[in-house]
Each structure stands twice: as C-alpha cells, then as structure tokens.
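Subject: Structure handover

Hi,

Here is the structure I promised to pass on. Have a look at it first, and my notes follow below.

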Amino acid sequence: MASHRRQRMQSREHQSWTDDLPLCQMCGVGTAPNCTYGPDGKGTQSHPNEDGHFRFSGEDGLYLYGVFNGFDGSRVSSFVSQCLTAELLLGQLNSTHSDADVRGILTNAFDVVEKSYFETIMDALAEKASLQSQIPEGVPFHQLTPQSQKMSEKLTELEQEVCGGATAVVALMLDNKLYIANVGNNRALLCKSASDGQNQVIQIGRPHTTENEDELQRLVGLGLDVSRLRQAGVIAGQSSTRRIGDYRVKYNYSEIDLLSAAKSKPIIAEPEIQPSQSLEGLTGFLLLMSEGLIKALESAHGPEQANQEMVAMVAAELAQQGSLEAVAQSVVERVKRLHHDVYAAGRQRAASCSRHEDMTLLIRTINYTLADGAVTPTQGGRIYPVSVPYSICASSTSKTSVTLSLVMPSQGGTLTNGTNTASTLDEGTPTPGQSPTATLLSSTNTQATQSSSSSSGDGGSLFRQRASQASQPDETGRVPPYVDFTQFYRLWGSDHGDVQGSQGSSAGLGPQ
C-alpha cells in the first residue's frame, strides 16, 4: 500500500494541471541549489532542491506569483504550489471583490490547501501509528527480531514520506492592486517611483519569527513563555512561527517541551495579508525571495542593507540584460558568489557563510518593458544601478559601504528603507557595461505601515538621473569628478584605519 501511495505522489509531482496555465511574460525567476563549503572552498549540494514557485496570468488582469521554501523535502512546497493555484485561479477572484473579500479568499485558500495536504498523508500516518504500536520501545535495532527490524525500516520510510513543511510568500495582482500574503520567513520587496522623483524600496510585511513582537504576543496569548521563546529562537528545527504542513509540530506540539503549554496549535499556516498597494501608474518592480536567498546575502554583508543591496543588484542587471529570466538568474548567481567569497576570505563573517540553503528570486516588472540592447542613461523606462564605491584594492573581499538607515514600522505593516543611499554590491571592477555612477534613491520615511508618498504615475524612469552637465577638461585634460565620495572614504578609513581613506581621498573614482 505504501509503495502504491508513493507512486501516486510522485506522479502528481511530475505531472500537474498547472503545466497548461499561461505563464506571466512580465516575470523572471532565478534559482540556485543549497551548498555546503569544504575546507578547500569547494561547494557540494547536501540535499535536493526544496524551493518552489509559480507565476501565472489569469483572466481580467489577474496575476498570481509565489515563492515557497520547503524543508525536510520538497513534497509540501510542490503540493502547495499546485493546489494554491487551483484555489485562486478558477474563478474565485474578480475585479468586483473588495479588499476584504480578497483577503478572505486568500486566507481561506491557505487553510484549504493545508487541510488537503494533511488528507493526502492520513493513510501513511495511520500505517505509521500501527507500526509504532508493534515495535518494542527502547530496544536497539540490532536486538530486534527480523520481523521487527523490517517494520522499523518501513517506519523510517513512512516518516520520510510524511515529514516536512514549507513557508510561502504569495503576490496577487488584481484590478491594479497588489496583495501580499506571507507565511514564514520569505520576503517581498516593492521598488517604486515616488511623485517627488525619489524612489522607494518597501518591504511588505515582516518575517514570522520570535523576533517579531506580534508573533510573540500571539504565542504568549496561547500560554507560552516569551523568555523561553526568545532564547530558543528556533522552534522544532525551524526559525519560522508560521508554516504549512509539518504535522509533527501541528499534531504533536504537546509533546514538544517548548510548546507543550500551548492551549491550541501554536504553529499555524494562516497567512498575514498586508493592506493592498495601488499599482495605478506605478513604474518599478516586485521581488519575491526565498529565505535561503535572504539569509545568504545577510550572512555575507549583514542584515542592515540587504533590501537596498538586493534592489541595487536587480537594477544593475535590468540595465544590461535582455530578458527577465537572465536578470533573475544573474542576481542569484551574484549573491551566491558574494556568499562564497566571504567564506573563502576567512574573515569575520566567514563562520556564518559556511553553507547556504536553496535560493529563489522572482522578479515582476510593473509598467516597464525591457529594451533590446544597450540604451543611454537619459532614455526613459530603464532602470540603472546604484552608485558603487568600488574598493581601491581589487583583491580585497571586505565589504565597504556607507551605513544605510532602515526605518522599522509599527508591527504588522510594511518596512520602508529611509534616506538616500549608496550601497556596495561587490568589490573589484564593475561588471562590463555597468554604470557605477547612476544612483538609487530611497525615500525618507520615518514611520510607517506603508509609504507616505506614493507614485504620481508619471510613467517616467524609475531611477532618474540628474541632467548631464558639460564639464570642461582642466589643464591636465581631465574632467573633474562628478561624484563626491569624501564622506564614504572618511567612514571607510575610520573602519579600516586607513589614513588616506580617512582624509577623504577619492582618487581613481569618477571620470579620469
């Protein structure tokens, strides 16, 4: 019975009705498998890829995107990516629905999908319980009878069959509105042009961890000890406090010491759905990222600037690549390279970069068309990279950057990066064709559940450049630098004890 059940599950994994759905052409996806580095710096994949994603276009201007981060196998992420689509793209949504209607439909879809998943493993769970009752407790495997040993081996197979779970971030675009539903630690970023010509990078929602005060209050309300939760950080092997599947935690939480005092299921699959974002007249892009991609970048460069750096890398690739698929894959490969280089350098962050999980990046452009070939910085409709203060020492693998501000909103809202920023992507020479002088501006916003200044919808370039000014060569025939890196080198010098840097030298930067 178990073998037939596994064959049916494998068949469903390889053949899906979603294969016939139209893919969104304004979207690109990049992926990279997990990797563990050896002493020689070479990486090996420790388990099959567990991430999943979808990117479909429906009727009447309906678009659906999702990134899923699986753990203990890919069964749940694969199941959810197929079944969630059926719960949302078969006529359940239309432009007549209010925001409250859409939120209710999304919430119900997650609930139905998790219940459907548990139904698929009920037979395996029943067989597992039956075997457990027949195997003597506390007896080592080699002391069991041959029959009991076979049952023990089958029990291990069943455990692998039913274990695992997934986290999810889902984006729904309907009637020029964006809805983000999040369960777990994946992330959604929206980069958009503001009416004042500056540009905003908005993190929509917060990760569901014990560092999220709203989540802590929810768990405390169920009778759990907040101090123990903070100290543990990880709950039943995962940092997320919301996840889909994971029956061991959902049905056996009373047997887990940290969760045993809970009055009801503490780990839930209910999505947190943020207020809708208007896309009317907006020019920009949406990023959906798996936890593995976020953690890899944060491990390499720290969490403070991760959002700005991710947007900067996407902007740089959009300025060069001819397809969104290439853009997404290039950004993932760039993060992968940064992560490896930090480990290989053996410096302060090397210990936290010994491995990374599966990485997935989904990019959806909004009112933006990729042009064929290179264009000049003054052409509209193109996105250009942030200004990059490249390290003078090409062999250096340390990260140098101006400290960026991250404005944290009230709980449950969106995160808006504040202040104008200049961010480092990676050291050495620029990527061929990349303009290291274009700038990314993030709006100053000191509070907020969402950005206080929204796009005016003028349809102009997302990253605007100031008008070029004719510069006359000096007596040496050189054009004066047009970017002042004095403050950058002052900060860089103070961090590295470099006298020349602390004096604000900008040699080698700007047009020569």
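A quick word on terms before the notes: a residue is called buried when its relative accessible area is under 20%. Also bear in mind that this is a predicted model.

Let's start with the aromatics. Both Tyr117 and Phe118 meet that cut-off and are buried. How many aromatic pairs are there? The count comes to 6. One of them joins Tyr117 and Phe118, with 5.7 Å from centre to centre and 50° between the planes, which makes the pair tilted. Tyr117 and Phe118 also belong to an aromatic cluster, together with Phe79 and Tyr251.

Tyr251 turns up again when you look at charges over rings. The charged end of Lys265 sits over the Tyr251 ring, 4.4 Å from its centre. A second case involves Arg364, which lies over the face of Tyr63 at 4.7 Å from the ring centre.

Next, some backbone angles to look at. Asp72 isn't a glycine, yet its phi is positive, near 55°. You'll find Asp72 in the loop between strand S5 (63–71) and helix H2 (75–88). Asp175 has a positive phi too, of about 55°, and again this is not a glycine. The loop that holds Asp175 runs between strand S6 (165–174) and strand S7 (177–183).

Why does Asp72 count as partly exposed? Because its relative accessibility is 37%, and partly exposed covers what lies between the buried limit of 20% and the exposed limit of 50%. Asp175 counts as partly exposed because its relative accessibility is 47%.

Last, the part you may want to open in your own tools: the largest pocket. Its volume is about 1,000 Å³. Of the 41 residues that line the largest pocket, Asn185, Ser239, Glu291, Lys295 and Glu298 are the closest to its centre. Which element gives the most to this lining? That would be H9, with 7 residues. Strand S5, helix H9 (291–301), helix H10 (306–318) and strand S14 (355–356) each contribute at least two residues to the lining. Broken down by class, the lining of the largest pocket has 20 polar, 11 charged and 10 nonpolar residues.

That's everything from my side for now.

Cheers

Notes. Residues are numbered from 1 along each chain as its sequence is written. This is a predicted model: local features need pLDDT of at least 70, side-chain atom pairs count only at pLDDT 80 or more; totals for chains, interfaces and linings use all residues. Side-chain values use heavy atoms; hydrogens and water are left out. Rings of Phe, Tyr and Trp (its six-membered ring) pair if their centres lie within 6.5 Å; planes under 30 degrees apart count as stacked, over 60 as edge-to-face and the rest as tilted. Buried means under 20% relative accessible area, exposed over 50%, partly exposed in between (1.4 Å probe, protein chains only). A charge sits over a ring if NZ of Lys or CZ of Arg is within 6 Å of the ring centre and within 35 degrees of the ring normal. Helices (H or I, at least four residues) and strands (E, at least two) are DSSP runs, numbered from the N terminus. On a 1 Å grid over the protein atoms alone, a cavity is a set of points where a 1.4 Å probe fits but cannot get out, and a pocket is an open set with protein on both sides within 12 Å along at least five of seven lines; lining residues have an atom within 4 Å of a point. Grid points are joined across faces, edges and corners, and a volume is the space filled by probe spheres set on the points. Ala, Val, Leu, Ile, Met, Phe, Trp, Tyr, Cys and Pro count as nonpolar, Asp, Glu, Lys and Arg as charged, and the others, Gly among them, as polar.
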